[in-house]
Amino acid sequence: MRNKTRNLYKSASAICEGPHSIIADDEFYDAVESGLDKIEEEQELRERIKSGTAVPVTPPPTCPSASHRLWPEIEQVVHQQVAWARLGLGDSGTGWQLFAEDGEMRMYRREEEVDGMVVDPLKAVHIVKGITGHEVCHYFFSPQYRYDWETTLEQMTVLETIADDSCLFLQTHKRIWPASQRDVIFWSHIRHLPNDQDRDGPDIWTVVNHSTEHKDYPANSGKCVRIFLTVCMLCQTRVIPPKEGTPITRDNISCKITYCSVVNPGGWAPASVLRALYKREYPKFLKRFTSYVTNQTKDKPIMF
C-alpha cells in the first residue's frame with residue numbers, strides 16, 4: 001500500500017486534502033502514517049546527535065497581565081477547563097468511548113463533528129511515578145523545551161509574553177502529505193492551583209492552551225490551514241511519606257495527569273482517517289512527553 005501511495009505522490013504531487021480528493025481513505029492514512037514515522041525517525045536522530053533547533057527569544061512582558069486584552073479570556077477559560085478536567089467521565093456528558101489503554105494510561109473520546117470536520121473531545125488519565133505535577137507543567141509550558149518533545153513542530157515564535165505565566169505562541173507544523181500544512185496561534189498559561197477539596201491532598205498544577213486571533217497573522221491567509229484548539233493539562237502530585245528521618249526521593253512521588261483537548265483541524269480530512277490517527281498518535285504523544293519529563297528530571301532536585 002505504501003508503494004502505491006509513493007507512486008501516487010510522484011505522479012500527482014499537487015494533490016491535497018479536500019472533500020473531492022481522489023485519494024482513497026486507506027491511501028490517505030498510509031501516506032500520513034508514513035510521514036509521521038519519518039518525522040519520528042528524524043527526531044530520534046536529532047536526539048542522538050544533540051542538534052536541536054534554536055529556541056526563539058522570549059520577549060519581556062509589555063504590561064501588567066491583569067490589564068492585558070487577553071487576561072479576562074484567560075481567567076475564564078482556565079476556570080472552565082480546570083473545572084471540566086476535574087469532572088469524572090460520568091459527569092462530563094454521555095458517549096465517551098475508551099479508545100486506548102496502556103498500563104496506567106486510559107484515553108477516552110466522544111465523537112463530534114462540526115461542519116463535517118472531526119472535533120472529538122479527548123480525555124486521558126495517566127499516572128507516572130518519579131515526577132511532580134509542577135515538573136510536568138513546567139516542561140509542557142516553557143518555550144525552551146518545546147522542540148524537544150513536540151515532534152511535528154517546524155517553527156515556533158513567542159509573539160508576546162503576557163506575563164511570566166502566560167505567553168502567546170505562533171506555531172507552524174511540518175507538512176505531512178497529502179494533508180495541508182497547519183499553523184496555530186494560541187495563548188498558554190501555567191498556574192498553581194489551591195486544592196480546595198482537600199487542603200492536605202495532592203498539590204495541583206495546570207497548563208491551559210487556547211486558540212486566539214492576532215491581527216498580524218490572520219487565519220488561512222497563506223499556505224497554512226489554521227488549527228483551533230483548547231488543551232488542559234491538569235497534574236496532581238502524590239507523595240508517599242518516607243520512613244521517619246529519611247528525605248523524600250523520587251521513589252516517594254507520582255503524578256496523576258488528566259489531559260483534555262478539543263482540536264479542530266481547520267480543513268477537511270476523512271473522519272475515519274483522523275480517528276485512526278488520533279488512536280495511534282495521542283497515546284504515543286503522552287508516553288513520549290512524560291518519558292521526556294522523567295529523563296529531564298531524574299538527576300535533578302525535585303521541583304514541588
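Reader: Is R106 buried, partly exposed or exposed in this predicted model?

Author: In this predicted model, R106 has a relative accessibility of 27%. Buried means under 20% and exposed over 50%. Because 27% falls under neither heading, R106 counts as partly exposed.

Reader: With which residue does R106 form a salt bridge?

Author: The closest N and O atoms of the pair are 3.2 Å apart. A salt bridge requires a side-chain nitrogen within 4 Å of a carboxyl oxygen. The partner of R106 that meets this requirement is E101.

Reader: How many residues apart are K287 and D102, which form a salt bridge?

Author: The closest N and O atoms of K287 and D102 are 2.7 Å apart. K287 belongs to helix α6, whereas D102 belongs to strand β1 (residues 97–102). The pair thus links distant parts of the chain, with a separation of 185 residues.

Reader: What are the relative accessibilities of K287 and D102?

Author: Partly exposed residues lie between the limits of 20% and 50%. K287 is partly exposed because its value is 39%. D102 is also partly exposed, with a relative accessible area of 37%.

Reader: Which residue of the salt bridge between E112 and R110 is buried?

Author: The side chains of E112 and R110 meet at 3.1 Å, N to O. E112 has a relative accessible area of 32% and is therefore partly exposed. The buried partner, with a relative accessible area of 17%, is R110.

Reader: Which residues are joined into one network by salt bridges that share partners?

Author: The count of salt bridges comes to 13. Shared partners join some residues into one network. Its members are R109, E111, E113, D120 and R275.

Reader: What is the geometry of the aromatic pair formed by W149 and F289?

Author: The count of aromatic pairs comes to eleven. In the pair of W149 and F289, the centres are 4.9 Å apart and the planes stand at 65°. An angle over 60 degrees is the criterion here, so the arrangement of W149 and F289 is edge-to-face.

Reader: Which helices hold W149 and F289?

Author: W149 and F289 are 140 residues apart, and their pair links distant parts of the chain. W149 is buried because its relative accessibility is 4%, and F289 is buried at 0%. W149 lies in helix α5 (residues 146–149), and F289 lies in helix α6 (residues 271–297).

Reader: Why is the pair of F285 and F289 classed as it is?

Author: Both residues are buried and lie in helix α6, four residues apart, about one turn of the helix. Their ring centres are 6.3 Å apart and their planes are at 20°. Planes under 30 degrees apart meet the criterion, so the pair of F285 and F289 is stacked.

Reader: Which residues do ring pairs link into a cluster with F285 and F289?

Author: F289 pairs with W149 and also with F285. Ring pairs extend this group into a cluster that includes F140 and Y259. The residues linked with F285 and F289 are F140, W149 and Y259.

Reader: Over which rings do K123 and R146 lie?

Author: The charged end of K123 sits 4.8 Å from the centre of its ring. R146 lies at 4.2 Å from the centre of its ring. The ring beneath K123 is that of W84, and the ring beneath R146 is that of F169.

Reader: With which residues is T258 in contact, leaving aside its neighbours within four places in sequence?

Author: T258 is part of strand β12 (residues 253–264). At 6% relative accessibility T258 counts as buried, because the limit is under 20%. Its contacts are A85, K123, A124, V125, C232, M233 and L234.

Reader: Which residues form a nonpolar patch on the surface together with I248?

Author: I248 is located in the loop between β11 (228–239) and β12. I248 counts as partly exposed because its relative accessibility is 37%. The patch has about 250 Å² of accessible area together, and the partners of I248 in it are V239 and F304.

Reader: What percentage of the residues of the protein chain counts as buried?

Author: The protein chain contains six helices and twelve strands. It exposes about 15500 Å², of which carbon and sulfur atoms supply 52%. Of its 304 residues, the buried share is 51%.

Definitions and conventions
Residues numbered from 1 in each chain as written. Predicted model: local features only at pLDDT ≥ 70, side-chain atom pairs only at ≥ 80, totals over all residues. Heavy atoms only, no water. Helix = DSSP H or I, 4+ residues; strand = E, 2+ residues; numbered from the N terminus. Buried < 20%, exposed > 50% of the residue type's maximum accessible area, 1.4 Å probe, protein only. Contact = heavy atoms within 4.5 Å. Phe/Tyr/Trp six-rings, centres within 6.5 Å; stacked < 30°, edge-to-face > 60°. Lys NZ or Arg CZ within 6 Å of the ring centre and 35° of its normal. Patch = residues over 30% accessible without salt bridge, like charges linked within 9 Å, V, L, I, M, F, W, Y side chains within 5 Å. Areas by Shrake-Rupley, 256 points an atom, 1.4 Å probe, with all protein chains shown as cover.
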